[in-house]
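Hi everyone, thanks for making time. I'd like to walk you through one structure today, so please have a look at the screen first.

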Amino acid sequence: MPEDTLTNQENWLDTLKNAKKSDKSWRRAFLLSLFLGPFGADRFYLGYKKLGMLKLLTGAGFGIWYVIDVMLLFFNKLPDADDCELEK
């Protein structure tokens, strides 16, 4: 009986870990941010349409937003719009 409980707990933990994975690629998001970030391409790709439009209209927050997004994506700290971790 305790073995079944342990197996159920392991299955539950595996399900929890895999539930928050995005179908968006970290590498693609990072490259979009690096090369097309001032135009909001990275935010559009991640599903943040309103933020992408704002980034486009403000020139990436006069360059500051661009630098912040590149760093956030480099360290994989920016989730997609569904709050899921990007796939590496």
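A quick word on naming before we start: helices here are DSSP runs of H or I with at least four residues, strands are runs of E with at least two, and both are numbered from the N terminus. Please also keep in mind that this is a predicted model.

Let's begin with Leu46, which sits in helix α3, the stretch covering residues 41-46. Is Leu46 buried or exposed? Its relative accessible area is 1%, and the cut-off for buried is under 20%, so Leu46 counts as buried. And what does Leu46 touch, once we skip residues up to four places away in sequence? The list is Lys24, Ala29, Leu73, Leu78, Pro79, Asp80, Ala81 and Leu86. Take Leu78 from that list: it is 32 residues from Leu46 along the chain, and the two C-alpha atoms are 9.0 Å apart.

That brings us to the nonpolar core. Leu46 belongs to the largest one, which has 10 residues. The other members are Trp26, Ala29, Phe30, Tyr45, Tyr48, Val70, Leu73, Leu78 and Leu86. Which elements give two or more residues to this core? They are α2, spanning 26-36, then α3, and α6, spanning 64-74. The top contributor is α2, with three residues. If you'd like one residue to click on, try Phe30: beyond its neighbours within four places in sequence, Phe30 contacts Val70, Leu73 and Phe74.

Now for the charged side chains. As a reminder, side chains of opposite charge can pair when their charged atoms come close. How many salt bridges does a search of the whole structure find? The search gives four, and I'll show you three examples, starting with the strands.

Glu85 pairs with Lys21, and their closest N and O atoms are 3.9 Å apart. Glu85 is in strand β2, residues 85-87, while Lys21 is in strand β1, residues 21-25, so this bridge ties together parts 64 residues apart in sequence. Both partners are partly exposed: Glu85 has 42% relative accessibility, and Lys21 has 45%.

Next come the helices. Lys55 and Asp42 form a salt bridge with an N to O distance of 2.9 Å. Here Lys55 belongs to helix α4, residues 49-57, and Asp42 to helix α3, so the pair links distant parts of the chain, 13 residues apart. Are these two buried or exposed? Lys55 is buried at 0% relative accessible area, and Asp42 is buried at 0% as well.

The third example is Asp69 with Arg43, at 2.7 Å from N to O. Asp69 lies in helix α6 and Arg43 in helix α3, so this bridge ties together parts 26 residues apart in sequence. Asp69 is buried, with a relative accessible area of 0%, and Arg43 is buried too, at 7%. Through shared partners, salt bridges join Asp42, Arg43, Lys55 and Asp69 into one network.

Let me finish with Asp69. Leaving out its neighbours within four places in sequence, Asp69 is in contact with Ser33, Asp42, Arg43, Lys55 and Leu78. Leu78 takes us back to where we came in, as Leu78 also touches Leu46 and is a member of the largest nonpolar core. Thanks for listening, and I'm happy to rotate the view for anyone who wants another look.

Terms used:
Residues numbered from 1 in each chain as written. Predicted model: local features only at pLDDT ≥ 70, side-chain atom pairs only at ≥ 80, totals over all residues. Heavy atoms only, no water. Buried < 20%, exposed > 50% of the residue type's maximum accessible area, 1.4 Å probe, protein only. Contact = heavy atoms within 4.5 Å. Core = buried A, V, L, I, M, F, W, Y, C linked by side-chain atoms within 4.5 Å. Salt bridge = Lys/Arg side-chain N within 4 Å of Asp/Glu carboxyl O.
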